[in-house]
Amino acid sequence: MQSAPLPETLANLLGLDPNSTPVMIVMSLIGAALIGTLMMTNTALAGPWAKRKITAAFTDRIAVNRIGPFGLFIIVADAVRLLSKELIVPEGVDRPAWDLAPLVIASTALLGFAVIPMGNGIQLADPEVGLAYVFATASMASVGLVMAGYASNNKYSFLGGLRAVAQNLAYEIPLILTGASVVIFAGSLQMSEIVAAQQQSLIGPLPSWYAFVNPFAFVLFLIANLAEVGRNPFDIPEAPTEIVAGYQTEYSSVYFVLVYLGEFIHIFLGGAIIATIFLGGPAGPVLPGIVWFMIKIWGVFLFTQWARSAVPRVRIDQLIEIGWKGMLVLSLANLLLTAVIVGVIA
């Protein structure tokens, strides 16, 4: 799927010269603002409203339904409620690390969307190392979690930060190895090339999405992604029944909003990666590509919320054992098998 990047598309729509450096800088900033606004809107819809509705449906309860149609105005009510609260700075926190942590958590995931193809011409940039870039930016969230846990001067926060590091180390390697198996199939790290490689037909009307070509890798990636975004059974860094709220225990007001926002942006980034490398990106019949892309990432979000409601949390020792002794071995086996299959076919 080769198409002009979003800044060039915007320049052409406005009748400006796409070869002009100042024009492209301005168009890049506008494009980044548009993509950021789109994902923040999805996050605002998911966090205060959709999460409650989905959880209530799974657990046979009634969710928000009184503020606006279908309870949608709870988004505005929650925003006003949280942002108007006093920002409490606990005694002994290590500033500025404590202040910067929420920004790091929220901003790192947004950076990942810069190379995600969301539709024809809706991609901010398309570097040759696109998939590596996405994994790199997503992994930077663990830095923010460690900063929050360490700087809060709270033993529960510190324990949550340590758990986050242990969890990310245990599951990020299987995540990247499973993604590497897709790279072997596609022959490229470039996100547009990975999407383009999934456009052919596999069997009859069934597309050659890598979720169908290699369902084992798809399942491994889904499980590892649950650990990356901190959803059951891998919500160990927060674990409210054990460590209050983990790394975010001491945050309130706008800082809590940023931490909460970062959590859901990372869920959608995980969904965007899965949609791109396993589900054909924005590919789909009849509807525009951006619509199909949103349907796919919301499908992944629905899966994470189902896991949150239905799957019990594992212990920290079980989590580490599953990651290092289970997921790592299986992802290496998948990578080796994929390389052998592609080598034989080629």
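Which residues of helix H3 (residues 74-83) are buried? In this predicted model, the buried positions in H3 are Ile74, Asp78 and Leu82. Viewed down the axis of H3, these buried residues fall within an arc of 60°, and they therefore line one face of the helix. The buried residues of H3 pack against two other helices, namely H2 (21-59) and H12 (253-278). Val76 and Val80, by contrast, are exposed and lie on the other side of H3.

A nonpolar patch is found on the surface, where Val146, Tyr150, Phe158, Leu159 and Leu162 together make up an area of about 460 Å². Two elements, helix H6 (141-151) and helix H7 (155-186), each give two or more residues to this patch, and the largest share, three residues, is supplied by H7. Among the residues of the patch is Leu159, which is located in helix H7. Leucine 159 has a relative accessible area of 35% and is classed as partly exposed, because this value lies between the limit of under 20% for buried residues and that of over 50% for exposed ones.

The loop between H6 and H7 contains asparagine 154, whose relative accessible area of 15% places this residue in the buried class, because that class comprises values under 20%. The side chain of asparagine 154 is engaged with backbone nitrogens on the C-terminal side of its own position: that of tyrosine 156 is reached at 2.7 Å, while that of serine 157 lies 3.1 Å from a polar atom of the asparagine side chain. When residues up to four places away in sequence are not counted, asparagine 154 touches Gly149, Thr249 and Glu250.

Towards the start of the chain, proline 5 occupies the segment before helix H1 (6-13). With a relative accessibility of 29%, proline 5 counts as partly exposed, since this value falls between the 20% and 50% limits. Once its neighbours within four places in sequence are left aside, proline 5 is in contact with Gly121, Gln123 and Leu124. Proline 5 is also paired in space with a residue distant in sequence, as the C-alpha atoms of proline 5 and aspartate 126 are 7.1 Å apart although 121 residues separate the two along the sequence.

Note on methods
Residues numbered from 1 in each chain as written. Predicted model: local features only at pLDDT ≥ 70, side-chain atom pairs only at ≥ 80, totals over all residues. Heavy atoms only, no water. Patch = residues over 30% accessible without salt bridge, like charges linked within 9 Å, V, L, I, M, F, W, Y side chains within 5 Å. Areas by Shrake-Rupley, 256 points an atom, 1.4 Å probe, with all protein chains shown as cover. Salt bridge = Lys/Arg side-chain N within 4 Å of Asp/Glu carboxyl O. Helix = DSSP H or I, 4+ residues; strand = E, 2+ residues; numbered from the N terminus. Buried < 20%, exposed > 50% of the residue type's maximum accessible area, 1.4 Å probe, protein only. Polar contact = N/O pair within 3.5 Å; in protein donor to acceptor, adjacent residues only side chain to side chain. Contact = heavy atoms within 4.5 Å. Arc of directions from axis to C-beta.
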